Amino acid sequence: MPRTAPRVLVAGVGNIFLGDDGFGVETVRHLARQGLAPHVEVADVGIRGVHLAYRLLDGWDTLVLVDATARGGEPGTLYLIDATEPDERPAAGDAGPYTAVPAVPLDGHRMAPDAVLALLGTLCAGTGATPPRRILVVGCEPACLDEGAELSPRVAAAVPEAVRMVTELVAREAAV
């Protein structure tokens, strides 16, 4: 019996109306036009974090999040973060999307990836679903998160390399 390739969800997150925060969405738009293997789904999640958490209950082996990720580097710098285990995510107070979320009511329009993954844990515990076996983040250092629908030149220039990174990650995941 032939081995089935692991199911991979590539999710672009971010707000396209806040400059470089739209990096993830722009990157997955390019990936969707490129076409990937049938076991890979590309999704423009935008700011719909709750929707993403519920989609992850559908039995994905790997999640690749693509997002603007402020970690203190030069704008346009790409990062690959293995966020599979909660303790592998940057600690509270670190720059980037994986800072601690204060105990406040759930706001579906302010669901950073850390909040999505925390909600996913709660949903899996309540439903018996299994979270993705691997969670990877392809992040890009933003230059500007001000209102505006355009990526800064350095972040826009990083999109083709991010597409290449995601394509290679997906190929490696299929070989695992």
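E161, R164 and E168 are joined by salt bridges into a network, where a salt bridge is a side-chain nitrogen of Lys or Arg within 4 Å of a carboxyl oxygen of Asp or Glu. The model is predicted, so that local features need pLDDT of at least 70 and side-chain atom pairs count only at pLDDT 80 or more, while totals for chains, interfaces and linings use all residues. Residues are numbered from 1 along each chain as its sequence is written, and side-chain values use heavy atoms, with hydrogens and water left out.

**Exercise 1. Resolve the network of E161, R164 and E168 into its pairs, and place these on their helix.**

Step 1. The closest N and O atoms of R164 and E161 are 2.2 Å apart, and those of E168 and R164 are 2.4 Å apart.

Step 2. R164 and E161 both belong to helix α4 (residues 153-175), three residues apart, or about one turn; helices (H or I, at least four residues) and strands (E, at least two) are DSSP runs, numbered from the N terminus. E168 and R164 are separated by about one helical turn because they stand four residues apart in α4.

Step 3. The general rule is that an α-helix has 3.6 residues a turn, so residues three or four places apart point the same way.

Step 4. For solvent exposure, buried means under 20% relative accessible area, exposed over 50%, and partly exposed in between (1.4 Å probe, protein chains only). R164, at 37%, is therefore partly exposed, as is E161 at 32%, and E168 falls in this class at 38%. Over the whole model, the salt bridge count comes to six.

**Exercise 2. Describe the surroundings of R29, beginning with the element in which R29 lies.**

Step 1. R29 lies in helix α1, which has twelve residues and reaches 17 Å from its first C-alpha to its last, close to the 16 Å expected at 1.5 Å a residue (the expected span is 1.5 Å times one less than the number of residues).

Step 2. The side chain of R29 forms a salt bridge with that of E26, at 3.8 Å from N to O. The two are about one helical turn apart, because three residues separate them in α1. R29 has a relative accessibility of 37% and so counts as partly exposed, and E26 is likewise partly exposed, at 24%.

Step 3. Beyond four places in sequence, R29 is in contact (heavy atoms within 4.5 Å) with I16 and D44. The C-alpha atoms of R29 and D44 are separated by 7.3 Å, although these positions lie 15 residues apart along the chain.

Step 4. Among the buried residues of α1 are F23, V25, V28 and L31. Just after α1, G35 adopts a positive phi of about 80°.

**Exercise 3. Determine which residues touch the most other members of the largest nonpolar core, and which elements supply this core.**

Step 1. A nonpolar core is a set of buried Ala, Val, Leu, Ile, Met, Phe, Trp, Tyr and Cys residues joined through side-chain atoms within 4.5 Å. The largest has 21 residues, of which L9, A11, V45, L52, L56, L63 and L65 touch the most other members.

Step 2. Two or more residues come from each of β1 (8-13), β2 (40-46), α2 (49-55), β3 (62-68), β4 (78-82), α3 and β5 (134-140). The largest share, five residues, is that of α3.

Step 3. Apart from residues up to four places away in sequence, L56 touches L9, L63, L120, T130 and P132. A second, separate core of 20 residues includes L31, V66, V159 and V166.

**Exercise 4. Find where pLDDT, the predictor's confidence in each residue from 0 to 100, is highest and lowest among the elements.**

Step 1. The mean pLDDT of the protein chain is 80, with 79% of its residues at 70 or more. Confidence is highest in α1 (residues 23-34), at a mean of 94, and lowest in α3 (residues 113-127), at 71.

Step 2. Over residues 88-110 pLDDT stays under 50, and the model has 39 contacts for them beyond four places in sequence. Where pLDDT is low, the predicted coordinates should not be read in detail.
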